[in-house]
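Open the model in your viewer and keep a selection box handy. We will go from stop to stop, choosing residues and looking at what surrounds them.

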Amino acid sequence: MAEKKVRFIIERQDGPNEKPYTQEFDVDYRPGLNVVAALMEIQKNPVTVDGKRVAPVVWECNCLEKVCGACMMVINGMARQACCALVDEIKQPIHLQPARTFPVIRDLLIDRSVMFESLKRIQGWVELDGSWDVKDAPIQNPYTAQTAYEISHCMTCGCCLEACPNVGPQSDFIGPAPTVQAYLFNLHPLGKFDAPKRLNALMEKGGITSCGNSQNCVEVCPKNIKLTTYLAQLNRDVNKQALRNIFNN
Amino acid sequence: MFNATFYLRRLHSLCGLLVLGMVLFEHIFTNSMAIFGPQALNGALAMMELIPKPIFLGLEVGGIAIPLLFHGIYGIYIALQAKNNPGRFGYVRNWNFTLQRWTAWYLVVFLIWHVGYLRLYTKGVTGTPISYELLQNYFQSPIVVLLYVLGMFAAIFHFCNGITTFCMTWGITKGPRAQTVVSYLSMCLCALLCLITLTFMGSYLI
């Protein structure tokens with residue numbers, strides 16, 4: 001009896017400025033097979049369906065449990081994590097593409113450093129002027145702690161940026177993930193002192209005003225962060241900040 | 001600090017919903033008089049002629065031309081920043097996002113034709129007053145009727161979907177329930193206004 005195979009159609013690219021091309025690979029099926037595990041099989045034996053031995057497919061992965069965000073790619077047209085994309089649950093043949101919202105380095109490996117730059121831009125950190133023992137430290141607001149916890153799950157995987165029609169080479173929008181991080185740090189008992197700085201950063205070109213309300217971000221977020229709700233909250237905060245900028249000076 | 005982008009975007013939003021929304025409502029209201037026959041429409045048009053010429057021209061320039069040009073030109077800039085992807089992500093809101101841009105492109109062309117021919121050429125250059133008879137004659141061509149109905153549908157959808165996104169942009173509706181309710185209500189308004197449009201456009205055919 002012939003073994004069951006899973007067909008992968010992979011969009012490859014040899015370098016940042018090279019032309020993309022596709023190659024097809026067959027991987028032996030096994031229960032619970034996911035896309036990362038299949039890519040590992042291809043890496044062990046990089047032979048296409050035509051029997052040609054090729055360079056192994058390059059991709060990025062790390063935690064293998066949907067926490068680190070590294071293995072985000074476009075699987076059957078959908079931006080998602082490869083490690084939790086179970087072969088049993090998706091349509092075959094399986095199409096893999098790099099998330100082209102970001103610059104492609106090679107094959108499925110992309111350069112997501114733009115998100116780190118955006119986090120620096122919105123001041124995605126808390127300034128500390130000292131340290132405390134636990135009992136003396138400022139406490140989290142218990143009413144917003146759940147929200148802060150939820151937003152802190154963001155792993156800058158970039159799914160929301162890939163799905164957002166307003167993010168890409170044609171636009172300067174920093175995207176939903178870095179924007180919403182501003183709200184997380186504005187909720188922090190010490191971070192809130194820098195809230196005006198973050199809100200002003202969001203008012204700049206490519207900030208929250210570039211959001212077009214397509215709401216794809218909240219649909220694709222693998223961590224189920226209510227991105228559109230926090231974008232609306234930030235819109236509110238930014239409008240108030242604008243009034244303060246106008247009337248407090 | 002002065003964030004020009006922020007104020008331009010918010011002005012674009014306000015200008016579209018409040019000013020151009022008013023223009024759309026005025027058009028639908030006046031034109032719907034055609035439902036009650038030629039006298040009713042001509043009467044409504046005569047009422048507008050009662051406004052002194054300089055004030056009327058001021059309203060047309062300040063209340064229509066400038067906001068429309070700003071909203072249109074800045075809107076083209078915004079539309080060019082989007083790479084519509086409803087084929088890959090076929091969610092309702094993403095379709096609305098795409099339709100908002102497609103209707104915008106149609107309206108750019110349609111409004112150049114509509115304003116250029118009826119306001120600037122017919123009323124401005126030849127000095128012919130707009131009347132029921134003129135419009136009825138104009139709407140003898142089925143292609144003109146089709147393009148006008150499409151133009152009205154595009155403007156109405158663009159306005160009604162604009163209500164939904166306006167509420168998000170200004171942080172009025174925050175949670176998904178509030179956003180969905182407003183989106184349903186604005187789509188009901190969209191259907192109603194489209195129906196009124198079909199009725200008054202149809203009245204020229206009878």
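Before the first stop, one cut-off to carry along: a residue is called buried when its relative accessible area is under 20%, exposed when that area is over 50%, and partly exposed in between. Please also keep in mind that this is a predicted model.

**Stop 1: two rings in chain B**

Select Phe159(B) and show its side chain. Its relative accessible area is 11%, which is under 20%, so Phe159(B) is buried. Now add Phe25(B) to the selection. Phe25(B) has a relative accessibility of 35%, so this residue counts as partly exposed.

How do the two rings face each other? The ring centres of Phe25(B) and Phe159(B) lie 5.6 Å apart, and because the planes meet at 85°, the pair is edge-to-face. Color the helices to see what this pair links: Phe25(B) belongs to helix H1 (residues 4-32) of chain B, while Phe159(B) belongs to helix H6 (residues 142-169) of chain B. The two residues are 134 residues apart and join distant parts of the chain.

For another pair, select Trp95(B) and Trp102(B). Their arrangement is also edge-to-face, with 6.1 Å from centre to centre and 70° between the planes. Trp95(B) is partly exposed at a relative accessible area of 35%, and Trp102(B) is partly exposed too, at 46%.

**Stop 2: an aromatic cluster, and charges over rings**

Stay in chain B and select Tyr106(B), Phe110(B), Trp113(B), Tyr117(B), Tyr121(B), Tyr132(B), Tyr138(B), Phe139(B), Tyr148(B) and Tyr204(B). Together they form one aromatic cluster. Over all chains, the count of aromatic pairs comes to 20.

Next, pick Arg101(B) and Phe97(B). Here the charged end of Arg101(B) sits over the ring of Phe97(B), 3.6 Å from the ring centre. Chain A offers a lysine version: select Lys4(A) with Tyr29(A), and you will find the charged end of Lys4(A) over the tyrosine ring, 4.2 Å from its centre.

**Stop 3: helix against helix**

Go back to H1(B) and show it together with helix H2 (residues 38-49) of chain B. The two helices pack at an angle of about 135°, and their axes are 8 Å apart. That angle makes H1(B) oblique to H2(B).

Which residues meet here? From H1(B), select Glu26(B), Thr30(B) and Asn31(B); from H2(B), select Leu41(B), Ala44(B), Leu45(B) and Met48(B). Sorted by class, this contact of H1(B) with H2(B) has 4 nonpolar, 2 polar and 1 charged residues.

While H1(B) is on screen, click on Ser13(B), which is found in this helix. Is Ser13(B) buried or exposed? With a relative accessibility of 15%, Ser13(B) counts as buried. Leaving aside residues up to four places away in sequence, Ser13(B) touches Phe166(B) and Trp170(B).

**Stop 4: chain A as a whole**

Now hide chain B and zoom out on chain A. You should be looking at 8 helices and 7 strands. The C-alpha trace of chain A spans about 75 × 45 × 30 Å along its principal axes. Chain A has 249 residues, of which 53% count as buried. Consider contacts in chain A between residues at least 6 apart in sequence: 61% of them join residues at least 24 apart.

**Stop 5: the loops of chain A**

Select Leu128(A), in the loop between helix H2 (113-121) and helix H3 (145-152) of chain A. At 55% relative accessibility, Leu128(A) counts as exposed. Add Leu190(A) and check the C-alpha atoms: the two residues are 62 residues apart along the chain, yet these atoms are separated by 7.6 Å.

Move on to Pro93(A), placed in the loop between strand E4 (78-81) and strand E5 (94-97) of chain A. Zoom in on the backbone, where the peptide bond from Gln92(A) to Pro93(A) is cis, with omega near 0°.

Two backbone angles finish the tour. Leu64(A) lies in the loop between helix H1 (35-44) and strand E3 (72-75) of chain A. Its phi is near 65°, a positive value in a residue other than glycine, and Leu64(A) is partly exposed at 43% relative accessible area. Thr156(A) is found in the loop between H3 and helix H4 (159-163) of chain A. The phi of Thr156(A) is near 40°, again positive in a residue other than glycine, and at 30% relative accessibility Thr156(A) counts as partly exposed.

Definitions and conventions:
Residues are numbered from 1 along each chain as its sequence is written. Chains are lettered from A and ligands numbered from 1 in the order in which they are written. This is a predicted model: local features need pLDDT of at least 70, side-chain atom pairs count only at pLDDT 80 or more; totals for chains, interfaces and linings use all residues. Side-chain values use heavy atoms; hydrogens and water are left out. Rings of Phe, Tyr and Trp (its six-membered ring) pair if their centres lie within 6.5 Å; planes under 30 degrees apart count as stacked, over 60 as edge-to-face and the rest as tilted. Helices (H or I, at least four residues) and strands (E, at least two) are DSSP runs, numbered from the N terminus. Buried means under 20% relative accessible area, exposed over 50%, partly exposed in between (1.4 Å probe, protein chains only). A charge sits over a ring if NZ of Lys or CZ of Arg is within 6 Å of the ring centre and within 35 degrees of the ring normal. Axes are lines fitted to C-alpha atoms, for helices over the stretch in contact, and angles run from 0 to 180 degrees between N-to-C directions. Angles under 35 degrees count as roughly parallel, over 145 as roughly antiparallel, 65 to 115 as roughly perpendicular and the rest as oblique. Contact means heavy atoms within 4.5 Å. Ala, Val, Leu, Ile, Met, Phe, Trp, Tyr, Cys and Pro count as nonpolar, Asp, Glu, Lys and Arg as charged, and the others, Gly among them, as polar.
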